[in-house]
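Subject: Structure handover

Hello,

Please find the structure below, with the sequence alongside. My notes on what turned up in it follow.

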Amino acid sequence: MSGMKDKKKTRKKLFSRNRVLTRFRRNKLALMGAYFILVLTLIALLADFIAYDKPIIAKFDDHLTSPIMLKYGVALGISEWPEGYHDVQWKEIEYDFAIWPLVRYMPYELDYNNVHSVGPWETQSIKSNWWRHWLGTDELGRDTLSGLIHGTRIALSVGIIAMAFAMLIGLFFGGLAGFYGDDKFKLSRARLFSNLVFFLIALFYAFVLRQYALADALANSIISFLGQLLLSILIFLMIMLAANLLALPLKKIPVLSKKITIPMDLIISRIIELFVTVPTLIFIMALVTIAKPSIFLVMVVIGLTSWTGIARFVRAELLKTRTLEYIEAAKALGFSSSRMFFHHALPNSISPVIISLAFGIAVAILIESTLSFLGIGITETVTWGSLLAAARSTTGAWWLALFPGIAIFLTVTMFNLIGDGLTDAFDPRSGR
Amino acid sequence: MIFIPTLFAISLVTFFLSVSTPGDPVETMLAGDEESMVLRADNALRQAEYIRLRHKLGLDLPVFYFSLATLAVSDTLYRLPVQSHRKNLKKLAYYYGTWGSIEAYYHSVIYFKSQIESLIDSGVKADELIMLKRAVDELLISNNQVDIVRFFELINIILYSIETEQNESVLFGAHQEKLKNSFEQVQDKYFTILRKGKSIKRFIPTIHFHGFKNQYHKWITRFLSGNMGISYQDGRPVSSIIWGRVKVTLLISILAMFLTYLISIPLGVRSAAKKGKFQDSLISTTLFTLYSLPNFWIATMLIAFLACGDYLCWFPPYGLGEITDSMSIGQRISETALHLILPLICWVYPALAFLSRQMRGGMINVLNQDYIRTARAKGLNERRVLWSHSFRNALLPIITLIANVFPMMIAGSVVLEIIFSIPGMGKLFFDSILSQNYPIIFAVVMFSAFLTGIGYLVGDILYVLADPRISLARTKPKITSE
C-alpha cells in the first residue's frame, strides 16, 4: 500500500516540477540564456583544450604524446615530465603531426613578435593564420581571445561559488528569522545564561587561543586558512554544544527554568539592515584591502555581502507560510519543528531563492569584473575585468575594450534572462 | 532615527577592520613626512617623534572598552611604543607565559640597542656597529628559538670581530666591554624565559576592562563631533579633505537622479499606455539591455570613442574642468557641463531601466482601476485620462523609490569617478585604498552608510506622505507579497 502511495507522490512532484520546466521552456529568451550559459560552462571546463600553448596531441622524434595531459598529470602529482621535456620549446620544434588547440596561446603568455597591441585585422608577425591572434593582443603581446576563454572560468566560478556561499548564509538567517518570527524562539533562563557565558569561553578557545595558527595560515594561503578556520569553528561549536548540555540539569532549578522570548526576526532584520546600508562595492573594496587579494577572497567577500536578498525572500516567504493552515495542521499533529521547517516550510520558499540565485550570479560576475577592472580584485590571473582595464591604458586598442565588455555583458544579460524566465515559470498566475 | 544603532554597529565593524589592517600607521606617517628625512639620521629624535605621533593618533591607548585575552599576555602591552616589537612580545608572552622575564629580556635588548646607537651617534664609524644594530633590530622582531639563537651567534661573532680590528682605540675598548656585558645580560634574560616558561598559562582566558580611555571611545566621540582624524599621508584633517569630495559626489548624484526621473517617467508612462504593442516591447527591450550593460565598460568605451581617445574628440575625457576667476558665469557653466555629459550618461542609464520598469508597472496597475474605467466612460480623451487621472496616482510610489535609487547612485559613483577622474568621494576612496590611508577609507565607509541611511529615511518619509494609510509608528513587520 505504502509503496503505491509513494509512487503517486513522486509522480505528483515530478508533474509540478515538469510544469515549471515547461513554462520555462516556452520562454524563448530564457531558454536562449540557459543554452548560452551551458556553452559558456563547456568553454570554461574545456578552456585548456581551446586555448593552450602546447599541442593537444603531437608526434615528434617518433614519440606520440599529449603535452596537455602530461601537464595535468604533473599538476595532479600522478606523473612526472619525461626526461628532457622540461625545456622543450613546444612552439619551435618540428612535428611529424600535431593537433593544436584552436588558440595557440596562454592568456599570460607574452608574444614578443606582436607587442604594442596588434589589432585583429592588422598585419601580425606570425608563421601562418593558425597562429593568428584572432582578437588582437595587448601592450605586452598577450592574446586577447585566450584571455577571454580562460577568463570564463574565473567569471563563472566566482559567480557560482560566491552565490552558493551567499545562499547558505541567506537560507540560514532568513530561515531563522522567518521560522521563529519575533515570538516563537523561547529559551529558558538557564540556557540563555549558559550560552552567553560559554560564548565568551568558546570565542576564547576557538579564536583568541588559536590566533597565531589562524594568522600564519592566512599569510600562507587562503585554503589552509579555511582549514584552520573550520577547525576553530568546530571547537566553537563543540563548546557551545557543551553549554547547551549543561543547561539541561540547570533548567531543573525553578528560577532558571523561566522562558525568555528572543525576537529572532528583529535581530536578524537589524543585521540585514547593517549589510544593506553600506554600499556593497565600497564594503568589498574596504575588505579586500585588509587581506591579500585572491580568487577565494573575492568569492568569500562577494558571498558575505550578497546574502541579504536571499535572506529577505526566505524570511518573507516563511513568515507568510507559518500562518498557513497546513503548518498549523502539522503543528497540531505534533511534528517536530525541524521537520516542519525542512519538509514543509522550506520547500515553499525555494522558488524565490532560485530566482534570486540567477540574478545574484549576474551581480557577482559584475562585481568581480569591476574589482578586476579597478585592479584590486583577482591579480593572479587574467580576467575579463583585467582585460578591460588594459584598454584604459592603451589608446587605440578598441578590441581590448570591446570584446571583454561584450563577454561580461552577454553573460550578465543571459543570467538576467534566466532569472526573468524563472520568475515567470514559478509564478502560477502568469498565463504564458 | 532607526538607523542610529545600525550606524553604531557599522562604526564598530569599520573600527575593528581598521585595527586589524596590516602595517604600522605611525611608520607610514613618518615615511610620508618630509621632515623625517632629517629625523632618520638621529635615532633618539626619531624615537621621540614616533612616540609623539603615536600619542597624536591616539594609538597609545587600549583598543576597546574590554579585551578577551589569554592570561599569558600582559594587559599593559599596548603601552609599548613600537608596533612590530609589541606584536613580537605578544607572541613571546603567548608561548612562554612569563611576562616578567619577557619584559626584563625586552628591556635588556633595548638597553643593548641604545648603547650601540649612542656609539654610532657619538661618531664611531665602524661597519660592525651598523651590522650589530641591524642584527639587534632583527632580534627584536623574532620570537622562535631557532631564530633568536641564530641572531645571538651572529651578534657574538660581530662583537668579537671588532676586537681584532679596532683595538688601537682605548676608548672604544671600554665601550666594547660594556657592550659585551650587556649582551651577556640579554642572553641571560632570554634563557631565563626559556627556563621559567609556562605554556599552560595561555589556556586560561581573562577579560581586561580598560574603561573609557580607549581607542574606540576616542575615535567615535571625535567622529561624532566632526573630527575624523588625520590623513596618514599628508597629516591634513580627514574632515577637511572629505567635505569637498562629498559635495562633488552629492551634486552629481542628485543631478543624475533628477535626470533619471525626468527621462524614466515619460518612458514608463508611454510603455504602459501602449502595453503589449510594439513601442512597449521596444522600450522594454532597450531598457533591459541597458540594465545589463556594465557601466564601467560603457564609460571606457565612451572615453575611447568620443573623448579624445582614439577617434572623436567631442568631450573632454577627464576631470571636471578648470574653473578660473576670469571666467564669466556662462563660461563656468558650459565648462562644467561639457565635462559632466559623459559621466552623467553613465550615471543615469543603469537606474533608468529600474525606474521605468517600476513606473510602467505602477501605471498599468492604476490603469486597471475602476475609476479609470469611469473616467474613460465619461468620454474623457485618452491624454487626459493618462496624465491627469492615472499619472498622479502612479507617480507617488515612484518618488518613494528614491530610497533605492539614491544608494545606487552613491555606490555607482565609486567606479565612475575613478574612470572619469572626478574628484569625488569614490575617487578619494580608491586612492586611499591604494595608499592604505585607513582614516579616510573608514570615514568614507561611514559617510556612504550615512548617506544611504538618509536615502532610506527620505524614502520612508515620502512613503508616509504619499500614502496616508501608512504610518511610521507601525511596528509590526509588513509582509509584502513580493
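In strand E1 of chain A, residues 57-60, the strand partner is E3, residues 97-99, and the two pair in the antiparallel sense over three bridges. Please keep in mind throughout that this is a predicted model.

Staying with that part of chain A, Ile57(A) has Ile99(A) as its bridge partner in E3(A). E1(A) is also joined by three bridges to strand E2, residues 63-65, again running antiparallel. Here Ala58(A) is bridged to Thr65(A) of E2(A). Two residues separate the strands in the hairpin of E1(A) and E2(A), and Asp61(A) takes a positive phi near 50 degrees there. Which side chains of E1(A) are buried? Ala58(A) and Phe60(A) are, and they point to one face, whereas Ile57(A) and Lys59(A) point to the other and are not buried.

Chain A as a whole

The secondary structure of chain A consists of 17 helices and five strands. Its C-alpha atoms fill a box of roughly 85 × 60 × 50 Å along the principal axes. Chain A has 432 residues, of which 48% are buried. Of the contacts in chain A between residues at least 6 apart in sequence, 73% are between residues at least 24 apart.

The domain assignment splits chain A into three parts: domain 1 (24-52 + 109-184 + 263-432), domain 2 (53-100) and domain 3 (186-261). Between domain 2 and domain 3 of chain A, the distance from one C-alpha centre to the other is 53 Å.

Two helices of chain A

Helix H11 of chain A, residues 295-305, is mostly covered, with eight of its 11 residues buried. Those buried residues are Ile295(A), Leu297(A), Val298(A), Met299(A), Val301(A), Ile302(A), Gly303(A) and Thr305(A). What do they pack against? Their packing partners in chain A are helix H5 (144-180), helix H9 (264-277), helix H10 (280-290), helix H12 (308-321) and helix H15 (350-374).

Helix H5 of chain A also holds His150(A). The relative accessible area of His150(A) is 10%, so this residue is buried, the cut-off being under 20%. Residues up to four places away in sequence aside, His150(A) touches Ala47(A), Asp48(A), Ala51(A), Met106(A) and Pro107(A).

Chain B as a whole

Chain B contains 19 helices and two strands. Of its 482 residues, 46% count as buried. Where contacts in chain B have a separation of 6 or more, residues 24 or more positions apart account for 71% of them.

Aromatic residues

Over all chains, the count of aromatic pairs comes to 18. One of them is formed by Tyr105(B) and Tyr190(B): the ring centres are 5.6 Å apart and the planes stand at 50 degrees, so the pair is tilted. Tyr105(B) belongs to helix H6 (residues 99-121) of chain B and Tyr190(B) to helix H9 (residues 170-196) of chain B, so this pair ties together parts that are 85 residues apart in sequence. Tyr105(B) and Tyr190(B) are both buried. They also belong to a cluster linked by ring pairs, made up of Tyr105(B), Phe112(B), Phe152(B), Phe183(B), Tyr190(B) and Phe191(B). Separately, Arg150(B) lies over the face of Phe151(B), 5.1 Å from the ring centre.

Two single residues in chain B

Thr260(B) sits in helix H11 (residues 238-273) of chain B. Is Thr260(B) buried or exposed? Its relative accessibility is 0%, so Thr260(B) counts as buried. A polar atom of the Thr260(B) side chain lies 2.5 Å from the backbone oxygen of Ala256(B). Beyond its neighbours within four places in sequence, Thr260(B) is in contact with Val348(B), Ala351(B), Leu352(B), Leu355(B) and Met409(B).

Ser421(B) is not a glycine, yet it has a positive phi of about 50 degrees. Ser421(B) is found in the loop between helix H17 (402-420) and helix H18 (425-434) of chain B. With a relative accessibility of 29%, Ser421(B) counts as partly exposed.

Regards

Notes: Residues numbered from 1 in each chain as written. Chains lettered and ligands numbered in written order. Predicted model: local features only at pLDDT ≥ 70, side-chain atom pairs only at ≥ 80, totals over all residues. Heavy atoms only, no water. Domains from an automatic or database assignment. Buried < 20%, exposed > 50% of the residue type's maximum accessible area, 1.4 Å probe, protein only. Helix = DSSP H or I, 4+ residues; strand = E, 2+ residues; numbered from the N terminus. Pairing = 2+ DSSP bridges. Polar contact = N/O pair within 3.5 Å; in protein donor to acceptor, adjacent residues only side chain to side chain. Contact = heavy atoms within 4.5 Å. Phe/Tyr/Trp six-rings, centres within 6.5 Å; stacked < 30°, edge-to-face > 60°. Lys NZ or Arg CZ within 6 Å of the ring centre and 35° of its normal.
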